[in-house]
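Work through the exercises below with the sequence and the model side by side. Try each task before reading its solution.

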Amino acid sequence: MTQASIAPGAFTAARTTERLDALIADVREAVGRGLPPDLTAYLVGERLAPHLGAADLLTAEQRESDPARYRQHLLHAEHDGSFSVVALVWLPGQGTSVHDHVSWCTTGVHEGQERERRYRLVPAAGADGTARLVATADVVNAQGEFCGFAPPGDIHRVWNAGPSAAISLHVYGADISRLGTSVRRVYDLPADR
């Protein structure tokens, strides 16, 4: 397992739309309830869902891709560090490594679809002493769908297996502008599939 890092400048500056401002206010209200992480992630998803697919949510710049890797656009970081909103733009075939997160996370597909493989970490056992990952679910998240999770139990990888670009919104329970990433660890371990 390795620590993940994001290159300086990997996040783009945010310019908001009226709809994005409304989404941020909705997320602020849900996060402000001070509920446990799993419940907060679900409530944030309920607030996110009505905005997914709306043409007026993102600016043209916030929809821009990168031919080399998926692109992250930081849309908002709450002043008290309690949450951040990021748009990820995925070209066909682009994806993440297997990773987990520093906080709860809610993901909603704005355009296209994302594929996700979730894993469980099996501790080292036996003569070789190597931990391994076991796939627990394969999920296809289509436009308008959301999911939420919180550590532990948030190991996964995500990719765009579709024929066109995909855009998803990710809300993290941390200040991604200060941390530079939402990833806690990248897993370079054997996986069963």
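**Exercise 1. Cysteines**

Task: Decide whether Cys105 is buried or exposed, and find the nearest cysteine sulfur to it.

Solution:
- The model is predicted.
- Start with accessibility. Cys105 has a relative accessibility of 1%. The limit for buried is under 20%, so Cys105 counts as buried.
- Next, search for disulfides. The whole structure has zero.
- Cys105 is therefore in no disulfide, since a pair needs its sulfur atoms within 2.5 Å and the nearest cysteine sulfur, that of Cys147, is 7.3 Å away.
- Now turn to the partner. For Cys147, the nearest cysteine sulfur is that of Cys105.
- Cys147 has a relative accessibility of 12% and counts as buried.

**Exercise 2. Nonpolar cores**

Task: State how many residues the largest nonpolar core has, and which of them have the most contacts inside it.

Solution:
- The largest nonpolar core has 23 residues.
- Phe83, Trp104 and Leu169 have the most contacts inside this core.
- Trace the supply by element. α1 (18-31), α2 (37-48), β3 (84-90) and β10 (166-172) each give at least two residues to this core.
- α1 supplies the largest share, six residues.
- Another core lies apart from this one. It has eleven residues, among them Val86, Cys105, Ala166 and Tyr172.
- As background, nonpolar side chains in soluble globular proteins tend to be buried together.

**Exercise 3. Aromatic pairs**

Task: Count the aromatic pairs and classify each one.

Solution:
- The count comes to two.
- Take Tyr42 and Phe146. Their ring centres are 6.0 Å apart and their planes are at 55°, so this pair is tilted.
- Place both residues. Tyr42 is in helix α2 and Phe146 is in strand β8 (residues 146-149). The pair links distant parts of the chain, 104 residues apart.
- Check exposure. Tyr42 is partly exposed at 45% relative accessibility. Phe146 is also partly exposed, with a relative accessible area of 26%.
- Take Tyr70 and Trp90. The distance is 4.6 Å centre to centre, the angle between the planes is 25°, and the pair is stacked.
- Tyr70 lies in the loop between α2 and β2 (71-77), and Trp90 lies in strand β3, so the pair ties together parts that are 20 residues apart in sequence.
- Trp90 counts as buried, at 1% relative accessibility.

**Exercise 4. Around Thr96**

Task: Locate Thr96 and list its contacts beyond four places in sequence.

Solution:
- Thr96 sits in the loop between β3 and β4 (99-101).
- Thr96 is buried, with a relative accessible area of 17%.
- Leaving aside neighbours within four places in sequence, Thr96 is in contact with Tyr70, Trp90, Arg157 and Val158.
- Two of these contacts, Tyr70 and Trp90, recall Exercise 3: they form the stacked pair.
- Follow Arg157 next. The charged end of Arg157 sits over the ring of Trp159, 4.1 Å from its centre.

**Exercise 5. Val85 and a cis bond**

Task: Describe the surroundings of Val85, then find which residues a cis peptide bond joins.

Solution:
- Val85 is in strand β3. At 0% relative accessibility, Val85 counts as buried.
- Not counting residues up to four places away in sequence, Val85 touches His73, Leu74, Leu75, His76, Leu169, His170 and Val171.
- Compare sequence with space. Val85 and Asp175 are 90 residues apart in sequence and 9.1 Å apart, C-alpha to C-alpha.
- The cis peptide bond joins Pro151 and Pro152, with omega about -10°.
- Pro152 is in the loop between β8 and β9 (155-159).

**Exercise 6. Whole chain and confidence**

Task: Give the pattern of helices and strands, then say where the pLDDT is below 50.

Solution:
- The protein has three helices and eleven strands.
- Along the sequence the pattern reads β-α-α-β-β-β-β-β-β-β-β-β-α-β.
- Of the 193 residues, 46% count as buried.
- Among contacts between residues at least 6 apart in sequence, 80% join residues at least 24 apart.
- The average pLDDT is 88, and 89% of the residues score at least 70.
- Over residues 1-13 the pLDDT is below 50. This stretch has 29 contacts in the model beyond near neighbours in sequence.
- Where pLDDT is low, the predicted coordinates should not be read in detail.

How values were computed
Residues numbered from 1 in each chain as written. Heavy atoms only, no water. Core = buried A, V, L, I, M, F, W, Y, C linked by side-chain atoms within 4.5 Å. Buried < 20%, exposed > 50% of the residue type's maximum accessible area, 1.4 Å probe, protein only. Helix = DSSP H or I, 4+ residues; strand = E, 2+ residues; numbered from the N terminus. Contact = heavy atoms within 4.5 Å. pLDDT = per-residue confidence, 0-100. Phe/Tyr/Trp six-rings, centres within 6.5 Å; stacked < 30°, edge-to-face > 60°. Lys NZ or Arg CZ within 6 Å of the ring centre and 35° of its normal.
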